[in-house]
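Welcome, and please open the structure in your viewer. We will go from one selection to the next, pausing at each stop to see what is there.

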Amino acid sequence: MTGSAAFPPAGFRRLLNAVTHRTGLHYYVDKADLLEQVVGARMALHGCRTCHDYLALLDDGARGDREWRELESAITIGETFFFRYAEQFAALEHTILPQLIRRAAATRGLRIWSVGCSNGAEPYSIAILLTRLLDEAGMNPADWHIEILGTDISTRALEQARQAEFSAWTLRDIAPAQCAAWFTPVSPRIWRLHECYRRMVRFRYSNVLDLLRPDGGPPGPFDLILCRNVLIYFAQVQAQALVQAMAKRLVPEGWILLGHSEPVSCFAPCLETVRLPGTLAFRPPLQGRGGQDVSVASPAPRRRPAHARVAMPEVDSAPVAAEIRQVADTGRVPLAMRMCRDHLLRHPMDTRIHFLFAVLAWGEGSLLQAEESFRRVIYLCRDHVMARCYLARLLEDAGGGVEAGRIRQQMMELVRRCPPDTVLPDGDGMTAGGLLRLARQASEAPAIRHAQVTS
């Protein structure tokens, strides 16, 4: 908080409280400068001298409601692209959607909800994939009643989604042949999605926090809910409550997919975790599905579109990690990072290489890349102590003290469960007892840093 004339401390606290109360975006609690920058632009547009003036505008009836929609669009982080996270789309293609199609064969109806849909790339990707799967099963998609709902708090993003026109950057994970089959070029840089996919998706404004209010949010039931890279901006308690509210809107055989970096992982007893190649999914417990056990094993290999990358079996990556470290030790860190990427394309669940890549990225100053990779390690290996240790320090250095404290507390809870002489994975010989001693020293003398990051 700068305490500038435009943002006096008391006024900024009121503004921050108003934003977090309305949107749930706890993300801005540790990012005062970023919120000031966004709000400052809106204040200049309306001639507001201080944030007190701007708060008065937000409270001004219909005028305030319109400005809230504009502010929500401005503070929402909505970068996305088609078929984002290949491992999850492989799970959708090979397990989740085929099961849903088989179960709905009699009624020929499916309801899917994309929470925080941004520019529509996610729900449209589902429409493309679902159409192909129905075609391959010998079913006419036109004979099905398919409702794919995309919701977002950003009215600007929803307007873009309805236009269904996308840049080459948004289509960067699609092979040229598929791009030509699914889109029509409207200019050298812009492509428009075909009508057959557009009509499967509808969009509406929705604040995900409405789920926590009586009768709030889209009514269920849904066969599939995707809420990816949304909850990372919320406080952990709110994120947990939101997932539980979504679970109540699932059919008994339904599925939920979350992002790799969400702040919570266990949703028992309302949801059970299903491990699929390269990712995790969530669904109602077995007893909620009428006692029918449904296999989630990967089927035999089959033809797949260019965007789908299927995870390969786990391998012993210790020799690979040693080779990458040797390359990094000679100063060729970009090459070492490229070696990590190449390996992870073939083995996307390899937590050792994800962790090594995160450490290298941090050393190179690629903080966002490092943060995402540390979160990926935690997503794939929930009891990974060192990933939480490093992520907490990274966030703390970046000013994210609140989230850093929460992650460090999770780390301490995990390490206390280990015998003191337990050697921690990816800790370069660090033991559980040694890490506890370092943590105690750090709490007594904040200047003491955690274990040295090595490459």
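## Stop one: a tyrosine in α14

Begin by selecting Y379, which lies in helix α14, residues 367-380. Keep in mind throughout that this is a predicted model. Is Y379 buried or exposed? With a relative accessible area of 2%, under the 20% cut-off, Y379 is buried. Now show what surrounds Y379: leaving aside residues up to four places away in sequence, Y379 touches Q88, L258, G259, H260, T279 and L280. Add T351 to the selection as well; T351 and Y379 are 28 residues apart along the chain, and their C-alpha atoms are separated by 9.5 Å.

## Stop two: the whole chain

Zoom out for a moment. The protein has 17 helices and ten strands, and 51% of its 455 residues count as buried. Among contacts between residues at least 6 apart in sequence, 69% join residues at least 24 apart.

## Stop three: the end of α1

Next, select T23, found in helix α1, residues 9-23. T23 has 3% relative accessibility and so counts as buried. Which residues does T23 touch, not counting those up to four places away in sequence? They are E72, I75, I153, N207, L209 and F234. For a distance to draw, join the C-alpha atoms of T23 and T76: these residues are 53 apart along the chain, and the atoms are separated by 9.4 Å.

## Stop four: α3 against α4

Colour helix α3 (residues 51-58) and helix α4 (residues 61-75). The two pack at an angle of about 115 degrees, and their axes are 7 Å apart. An angle of 65 to 115 degrees counts as roughly perpendicular, and α3 and α4 are therefore roughly perpendicular to each other. Show side chains at the contact: from α3 come Y54, L57 and L58, which meet R63, G64, E67, W68 and L71 of α4. By class, the residues of this contact are five nonpolar, one polar and two charged.

## Stop five: α11 beside α13

Now try another pair, helix α11 (residues 318-329) and helix α13 (residues 351-363). They pack at about 15 degrees, with axes 10 Å apart. Angles under 35 degrees count as roughly parallel, so α11 and α13 are roughly parallel to each other. Turn the view to see α11 pass α13 in a right-handed crossing. On the α11 side, pick A318, V320, A321, I324, R325 and A328; these meet R352, I353, L356 and L360 in α13. The contact of α11 with α13 has eight nonpolar residues, no polar ones and two charged.

## Stop six: α10 and its neighbours

Select helix α10, residues 236-247. At 1.5 Å a residue, its twelve residues should span 16 Å, and the end C-alpha atoms are 17 Å apart, which agrees. Where do the buried residues of α10 pack? Their partners are β1 (109-115), β7 (222-227) and β8 (250-258). To highlight the buried residues of α10, choose A239, Q240, L242, V243, A245, M246 and A247.

## Last stop: α15

Finish with helix α15, residues 385-397. Its 13 residues should span 18 Å at 1.5 Å a residue; the end C-alpha atoms are 19 Å apart, which agrees. How many of the 13 residues of α15 are buried? Eleven are, leaving α15 mostly covered. Among the buried residues are R388, C389, Y390 and R393. Beyond α15, select G399, which follows the helix and has a positive phi, near 95 degrees.

Technical notes
Residues numbered from 1 in each chain as written. Predicted model: local features only at pLDDT ≥ 70, side-chain atom pairs only at ≥ 80, totals over all residues. Heavy atoms only, no water. Axes fitted to C-alpha atoms, helices over the stretch in contact; angles between N-to-C directions. Helix = DSSP H or I, 4+ residues; strand = E, 2+ residues; numbered from the N terminus. Parallel < 35°, antiparallel > 145°, perpendicular 65-115°, else oblique. Contact = heavy atoms within 4.5 Å. Nonpolar A, V, L, I, M, F, W, Y, C, P; charged D, E, K, R; others polar. Left-handed = near helix turned anticlockwise from the far one by under 90°. Buried < 20%, exposed > 50% of the residue type's maximum accessible area, 1.4 Å probe, protein only. Expected span 1.5 Å × (residues − 1).
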